Amino acid sequence: MNPFDYERAADAPAAVALVARRSGASFLAGGTNLVDHMRLGIASPDLLVDVSRLPFDAIERLPDGGLRIGAAVRNSDLAADPLVRQRYPVLAAALLAGASPQLRNLATTAGNLLQRTRCAYFQDTTTPCNKRSPGSGCSAVDGNNRNHAILGASDSCVAVHPSDLAVALTALDARVRVLGPGGERTIPLTSFHRLPGETPERDTVLEHGELITAVDVPPLAMAARSAYRKVRDRASYAFALVSVAAALSVKDGTVVDARVALGGVAHKPWRAVEAEFTLRGAPATEDTFRAAADAELGGARPLPDNAFKVPMARNAIVAVLRSLAGHEPRTEARTDPGAEPGTEGGAR
Ligand SMILES: Cc1cc2nc3c(=O)[nH]c(=O)nc-3n(C[C@H](O)[C@H](O)[C@H](O)COP(=O)(O)OP(=O)(O)OC[C@H]3O[C@@H](n4cnc5c(N)ncnc54)[C@H](O)[C@@H]3O)c2cc1C
Ligand code: SF4
């Protein structure tokens, strides 16, 4: 690990100023991703500005009925929050499907959104990787690409975003609040993460020195009936091969509204707009759910090792929607032995 300076910021403007004026500086929150990257030689910041103790550790109810989640709220605290569990069960379920209880006790909301891909070549500094070393090539395109993207990839990078929380927040139309050298701005989560294009080294639209202060989740009545399903190689402590976050509103057998987002399939959490369009106004039946999944996955371009993700995503979308529509008992097996009772499907 390279030598680096360490500062604990007194407040948010001080943190922003410290990072903005040094190109090699990074914010440090729980450190569960950044410190690993420093050990692996993927990141070598010359200054770490610790923002984990800034007063962004509250979960507040907003006047419009929404929720403001502080950037430093730990994943375990967010998953356990009574309001989150009651009104946005998809959030609690996504968090509890990720990492381990120990990691969730350290990992923060902002750090989770900004964690970097788990592509094995990205983490191996002996191999070419455009994301780690721009212009060096992509080892995954002709290498082992089983875990990689089926949607939105480019010739430069076929990696997927690993966050579970980001998928749930994307389905809920959350907005990221940011403080930068030029002031504050708010970024919809749907446009916060980027597709790789020619510049896969940039995961998000954040500029250097911009600090996430909070994430706002709008009031969404149907989110009380929401769920997260994560399909992975092991029942716990594994990243998603495919995941689905969804919320469904059904009246008199017809879908009034729907939110669907996918994880494990693209460089960013994938909002399934085609699926949502197909669902709205249609009968809440298995045929509709299949048509919605097919509409979304029609644009999938699987790689040699990951064609299985297309039927896997289709089946996961249909299963979640079927469960939310009440076509089957909501007592499916949990995906994470560490999860709390009933959180596999999220909504109760
Ligand atoms: C073994 C293992 C298994 C895991 N499994 C899963 C899983 O299944 N699902 C899942 O979603 N995650 C998983 N994770 C990832 C884990 O959730 C992330 O490491 C964690 O959420 C990162 O949060 P952090 O606070 O530790 O971030 P840090 O490591 O401190 O920071 C991560 C990045 O965010 C930046 N940053 C932090 N705070 C701010 C801020 N306020 N403003 C701007 N930039 C900021 C940092 O500069 C850094 O670039 C796993 C991790 C490990 C080690
Ligand atoms: S898929 Fe992206 S992260 Fe993985 S090797 Fe290629 S460029 Fe690097």
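Here are legends for several close-up views of this predicted model.

**Figure 1. The whole protein, to get your bearings.** Before zooming in, it helps to take in the overall fold, which has eleven helices and twelve strands. The radius of gyration is 20 Å, close to the 20 Å that the globule rule gives for 348 residues, so the protein is as compact as a globular protein of that length. Taken along the principal axes, the C-alpha atoms fill a box of roughly 60 × 50 × 35 Å. Of the 348 residues, 54% count as buried. If you are thinking about contact maps, note that residues 24 or more positions apart make up 63% of the contacts with a separation of 6 or more.

**Figure 2. Ligand 2 and the residues around it.** Here we look at the space taken by ligand 2, which is the largest cavity. Around the ligand there are 14 residues, and those that come nearest are C119, C129, C138, C157 and V158. What classes of residue make up the shell around ligand 2? Nine of its residues are nonpolar, four are polar and one is charged.

**Figure 3. Helix α5, an enclosed helix.** This view follows residues 89-96, which form helix α5. Eight of the eight residues are buried, so the helix is largely enclosed by the rest of the structure. You can pick them out one by one: P89, V90, L91, A92, A93, A94, L95 and L96 are buried. As a reminder, an α-helix has 3.6 residues a turn, so residues three or four places apart point the same way.

**Figure 4. V90 and its partners.** Staying with helix α5, we now centre on V90. Its relative accessibility is 1%, so V90 counts as buried. Which residues does V90 touch, not counting those up to four places away in sequence? They are A168, L172, S226, A227, Y228, A245 and A246. A further landmark is L165, which is 75 residues from V90 along the chain, with 8.9 Å between the two C-alpha atoms.

**Figure 5. Two residues with positive phi, A99 and D252.** Most residues other than glycine have a negative phi. A99 has a phi near 55°, a positive value in a residue other than glycine. A99 lies in the loop between α5 and α6 (101-106), and at 34% relative accessibility A99 counts as partly exposed. D252 also has a positive phi, near 50°. The place to look for D252 is the loop between β10 (242-251) and β11 (254-263). With a relative accessible area of 74%, D252 is exposed.

**Figure 6. E201 in the loop between β7 and β8.** The loop shown here runs between β7 (183-188) and β8 (211-217), and E201 is found in it. Is E201 buried, partly exposed or exposed? Its relative accessibility is 30%, so E201 counts as partly exposed. Leaving aside neighbours within four places in sequence, E201 is in contact with R116, N130, K131 and P134. For one of these partners, N130, the C-alpha separation from E201 is 6.6 Å, although the two are 71 residues apart along the chain.

**Figure 7. L206, a buried residue in the loop between β7 and β8.** L206 also has its place in the loop between β7 and β8. With a relative accessible area of 14%, L206 is buried. Once neighbours within four places in sequence are left aside, the contacts of L206 are L114, V178, R185, I187, F192 and I212. For scale, L206 and P55 are 21 Å apart in space, C-alpha to C-alpha, and 151 residues apart in sequence.

**Figure 8. A72 and its surroundings.** Our last stop is A72, found in the loop between β5 (67-70) and α3 (75-80). A72 has a relative accessible area of 6%, under the 20% cut-off, so A72 is buried. Which residues surround A72 in contact, leaving aside its neighbours within four places in sequence? They are S52, L54, F56, D57 and T108. To link this view with the ligand, consider C129, one of the residues that come nearest to ligand 2. The C-alpha atoms of A72 and C129 are separated by 31 Å, with their positions 57 residues apart along the chain.

How values were computed:
Residues are numbered from 1 along each chain as its sequence is written. Chains are lettered from A and ligands numbered from 1 in the order in which they are written. This is a predicted model: local features need pLDDT of at least 70, side-chain atom pairs count only at pLDDT 80 or more; totals for chains, interfaces and linings use all residues. Side-chain values use heavy atoms; hydrogens and water are left out. A residue is near a molecule or strand if one of its heavy atoms lies within 4 Å of it. On a 1 Å grid over the protein atoms alone, a cavity is a set of points where a 1.4 Å probe fits but cannot get out, and a pocket is an open set with protein on both sides within 12 Å along at least five of seven lines; lining residues have an atom within 4 Å of a point. A molecule sits in a cavity or pocket if more than half of its atoms lie within 2 Å of its grid points. Ala, Val, Leu, Ile, Met, Phe, Trp, Tyr, Cys and Pro count as nonpolar, Asp, Glu, Lys and Arg as charged, and the others, Gly among them, as polar. Helices (H or I, at least four residues) and strands (E, at least two) are DSSP runs, numbered from the N terminus. The radius of gyration is taken over C-alpha atoms; the globule rule is 2.2 Å times the number of residues to the power 0.38. Buried means under 20% relative accessible area, exposed over 50%, partly exposed in between (1.4 Å probe, protein chains only). Contact means heavy atoms within 4.5 Å.
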